[in-house]
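Reader: I'd like a close look at a single part of this one rather than a tour of the whole thing. Could you pick a piece and walk me through how it sits among its surroundings?

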Amino acid sequence: MTGTSTLAAQAHGFLSPTGVEVAFLLIGLVTLAAALLTVTTRQLVHAALWLVVALGGLAVEYLLLTAEFIAWVQVLIYVGSVVVLLLFGLMLTKAPIGRSPDADSGNRWPALVVAVAAAAALVWVVADAFRTTWIDLSGAVQGTTKVSGESLFRYWVLPFEALSVLLLAALVGAIVLSRMRRKKEGER
Amino acid sequence: MSGDSVDVLLRLVAVFAGFLVLPLVIGQTEHKVMAHMQGRLGPMYAGGFHGWAQLVADGVKFAQKEDVVPADADRRIFQLAPAVALLPYLLVLVAIPVGPGGQVGRALDAGVFFALAVMGVGVLGSLMAGWASANKFSLLGGLRTAAQLLAYELPMLLAAASVAMAAGTVSLPGIVDAFHWWWVPWQLTGAVVFFTAGLAELQRPPFDMPVADSEIIFGAYTEYTGLRFAMFLLSEYAGIVVLCALTTVLFLGGWHGPFAGGWVWTLLKTMVLAFVVIWLRVSYPRLREDQLQKLAWTVLIPLALAQIALTGVVKVVIR
């Protein structure tokens, strides 16, 4: 096992990175910086906009990994919908221009612990799964819609459907919760 | 290698030229069409012949105006917003094919998703402008923009998904290649849903609640002056170009026509659709905010789902 991984590393090399690898690293740094700014800035709307930069950076990383379909879906769902929803919420609550000194839930340290644990778990899983896998950029594109679709609906169809049932349950739950509150207010 | 880069450069220059010219053509058409539908002449003096240079003159006027930033505004976001509103439409134009055999800025594998995703990003510009202006009318405009986008993104996506199902691909040139004339009646519902939802996303009448001038002055753009204001106006016209071109490519067969013509057909269909957009502005009253939400959730989304079901059934039957 170690023999093959050393061989794979030797064939590609860690010391003379290609242009794509350098770009991947730099955009990763930008994404990380934007993510840090998202959680540290004291201006609420700025946090949402830094989140746009972080999510956009992730989309570019997907592009560099040749996963074009995933990249556009990332932009469509996260930048186009989730952030718009966030901004909608912030505008409804009249987020002030300038700093909000009281925008601190006091959960700084627990949040940091959870974030670091989640990051460690993800890095470990991904590094373990793709230890010596290299994407051959000069060959056929490996992340096309066709390839993604085939692997999703041929090999991963059960988790995919289970996830959609989970989302449906969350949706029904949200409707139930919002209706329960209305019923209580009606009783008063 | 250098031949390749020259090719890429030429394509990008062509797309950029289209981006600069087409919105102005549509703007001038809007002046004249609206005028004639309302029984007047429209601009007649600038440039001599039927006021063709009116928009150039407008541009010069905008460039001379002072660029004002309100004292309480969030300066950087306020100044960045017009660019965020305008640039996505330029990016979408790169992916729209105009003719057969690779007449496209850049052929993308998942072109449909690219176009819809990037169009959605353009709305962030209006939201940023609405919040950063420190003006309650702007804030209301921003709120309405966000609510509208959330309601209309879904039917638009579903309608586009129906075409992708019919063609068996999500690449824009691939969809036009797979087109047959009977797709027009087959996908008619989807086309209407897509076009209507697109109008709402662009905030064009009758869906111009976010900029309703009789209620909230000019919505998110109230505080803007000079070139930045002009950029918002330009982004609206560029949005019309993008929406009409996308509808043409997805639902009307792009460069296919009764006789050979290539990219002329795409341009012609786009312009006819742009005329319809202007026509609707002149002839339809503005919807109220609740009517607008109701239309999206109770009419367009069920219609789009029905279209997907129909597409699926026909697809299975003809196979």
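Author: Quick bit of vocabulary before we start: helices here are DSSP runs of H or I with at least four residues, strands are runs of E with at least two, and both are numbered from the N terminus. Bear in mind, too, that this is a predicted model.

Let's settle on H4(B), which covers residues 111–132 of chain B. First, its length. At 1.5 Å a residue, its 22 residues should span 32 Å, and the end C-alpha atoms are indeed 32 Å apart, so expectation and model agree. Just past the helix, Ala134(B) takes a positive phi of about 60°.

How does this fit the record? An unreviewed UniProt entry annotates several stretches of chain B as "transmembrane region", among them 6–27 and 110–133. In the model, the chain over residues 110–133 of chain B is 92% helix and 0% strand, with end C-alpha atoms 36 Å apart. Over residues 6–27 of chain B, the figures are 100% helix, 0% strand and 32 Å.

Now the surroundings. 22 of the 22 residues of H4(B) are buried, so the rest of the structure largely encloses this helix. One of its neighbours is H5(B): the two pack at an angle of about 175°, and their axes are 9 Å apart. An angle over 145 degrees counts as roughly antiparallel, and that is therefore how H4(B) and H5(B) run relative to each other. On the H4(B) side, the contact includes Val112(B), Leu116(B), Gly120(B), Val123(B) and Trp131(B). From H5(B) come, among others, Ser138(B), Gly142(B), Thr145(B), Glu153(B) and Ala164(B). Sorted by class, this helix-to-helix contact has 13 nonpolar, seven polar and one charged residues.

H4(B) also has a part in the contact between the chains, which takes 27 residues from chain B and 21 residues from chain A. Both H4(B) and H5(B), the latter covering 136–167, supply at least two residues each to the side of chain B that touches chain A. H4(B) gives the most to that side, with eleven residues. The whole chain B side divides into 21 nonpolar, two polar and four charged residues.

And the partner? Chain A has seven helices and zero strands. Buried residues make up 14% of its 188 residues. Of the contacts in chain A between residues at least 6 apart in sequence, 66% join residues at least 24 apart.

Key
Residues numbered from 1 in each chain as written. Chains lettered and ligands numbered in written order. Predicted model: local features only at pLDDT ≥ 70, side-chain atom pairs only at ≥ 80, totals over all residues. Contact = placed C-beta atoms within 7 Å. Nonpolar A, V, L, I, M, F, W, Y, C, P; charged D, E, K, R; others polar. Expected span 1.5 Å × (residues − 1). Buried ≥ 20, exposed ≤ 12 C-beta atoms within 10 Å, placed from the backbone. UniProt positions renumbered as here; feature names shortened; annotations may be inferred. Axes fitted to C-alpha atoms, helices over the stretch in contact; angles between N-to-C directions. Parallel < 35°, antiparallel > 145°, perpendicular 65-115°, else oblique.
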